[in-house]
Amino acid sequence: MGDFCFAQGETVARAFPLGLDPTGKRFGSKIAFLPTPLDLASEDGGLTVLGESLVMNIEAGFTAGITPGLYPYDVFMTSLDGGRAQVASGMVRVAQAVTPIS
């Protein structure tokens, strides 16, 4: 999927086209923000499904405390029968927040 980038303190929504019907499947994602990884799942609102796309939502309150850098992420899909498959992976770039002069 490649990299995506956001600034500290920013709310981020990133869509991943799945190319499949997500009905009956759960999704989970792990982003290795250090020292605290971020785990998101479709059950808790961190991941939502829109049509054939999966949207990853990261709140500003969490991103404000992340050290700028490049972090890996993985997104997994679990079917009703327990089968698990990786559907996306890549890198997240976190940039220093910039406050404009007013």
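Start by selecting T63 in this predicted model. The residue is buried: its relative accessible area is 0%, and anything under 20% counts as buried. You'll find T63 in helix α1, which covers residues 60–63.

Now show what surrounds T63. If you skip its neighbours within four places in sequence, T63 touches F6, A7, Q8, G9, E10 and I58. Zoom in on E10 from that group. Its backbone oxygen sits 2.9 Å from a polar atom of the T63 side chain.

**Next stop: a three-stranded sheet**

Select residues 12–17 (β2) and 47–50 (β5), then add residues 53–58, which make up β6. What is the order of the strands in this open sheet? Reading across, you get β2-β6-β5, and the pairing is antiparallel. β2 and β5 are the edge strands, and each has a single partner, so one side of each has no neighbour in the sheet. Turn the view and look at the tilt: ignoring direction, neighbouring strands here are turned by 25° against each other on average.

Take the two pairings one at a time. β2 and β6 run antiparallel and are joined by six bridges. To see one of the matches, select F16 and look across to β6, where its bridge partner is L54. Keep L54 selected and look towards β5: V49 stands opposite L54. The β5 and β6 pairing is antiparallel too, with four bridges.

Follow the chain from β5 into β6 and you'll go round a hairpin with two residues between the strands. Click on G51 in that turn; its phi is positive, at about 60°.

**Into the core**

In soluble globular proteins, nonpolar side chains tend to be buried together. To look at this here, select I31, F33 and M56. These are the residues with the most contacts inside the largest nonpolar core, a group of 22 residues. Which elements give two or more residues to this core? Colour these strands: β1 (3–7), β2, β3 (25–31), β4 (38–41), β6, β7 (69–79) and β8 (84–95). The top contributor is β7, with four residues.

Stay with F33 for a moment and show its contacts. Leaving out neighbours within four places in sequence, F33 touches F6, L38, F62, I66, Y71, V92 and V94. You've met F6 already, as it is also on the contact list of T63.

**Last stop: the salt bridges**

How many salt bridges does the structure hold? There are two, so select them in turn. 

For one of them, pick R26 and E43: their side chains meet at 3.3 Å, N to O. This pair links distant parts of the chain, with R26 in strand β3 and E43 in the loop between β4 and β5, 17 residues apart. Is each partner buried or exposed? R26 counts as partly exposed, at 39% relative accessibility. E43 is exposed, with a relative accessible area of 52%, because exposed means over 50%.

For the other, pick K30 and D39. Their closest N and O atoms are 3.0 Å apart. K30 is partly exposed, with a relative accessible area of 42%, and D39 also counts as partly exposed, at 48%.

Note on methods:
Residues are numbered from 1 along each chain as its sequence is written. This is a predicted model: local features need pLDDT of at least 70, side-chain atom pairs count only at pLDDT 80 or more; totals for chains, interfaces and linings use all residues. Side-chain values use heavy atoms; hydrogens and water are left out. Two strands pair if DSSP finds at least two bridges between them. Axes are lines fitted to C-alpha atoms, for helices over the stretch in contact, and angles run from 0 to 180 degrees between N-to-C directions. Buried means under 20% relative accessible area, exposed over 50%, partly exposed in between (1.4 Å probe, protein chains only). A polar contact is a pair of N or O atoms within 3.5 Å; within protein, one must be able to donate a hydrogen and the other to accept it, and residues adjacent in sequence count only if both atoms are side-chain atoms. Contact means heavy atoms within 4.5 Å. A nonpolar core is a set of buried Ala, Val, Leu, Ile, Met, Phe, Trp, Tyr and Cys residues joined through side-chain atoms within 4.5 Å. A salt bridge is a side-chain nitrogen of Lys or Arg within 4 Å of a carboxyl oxygen of Asp or Glu.
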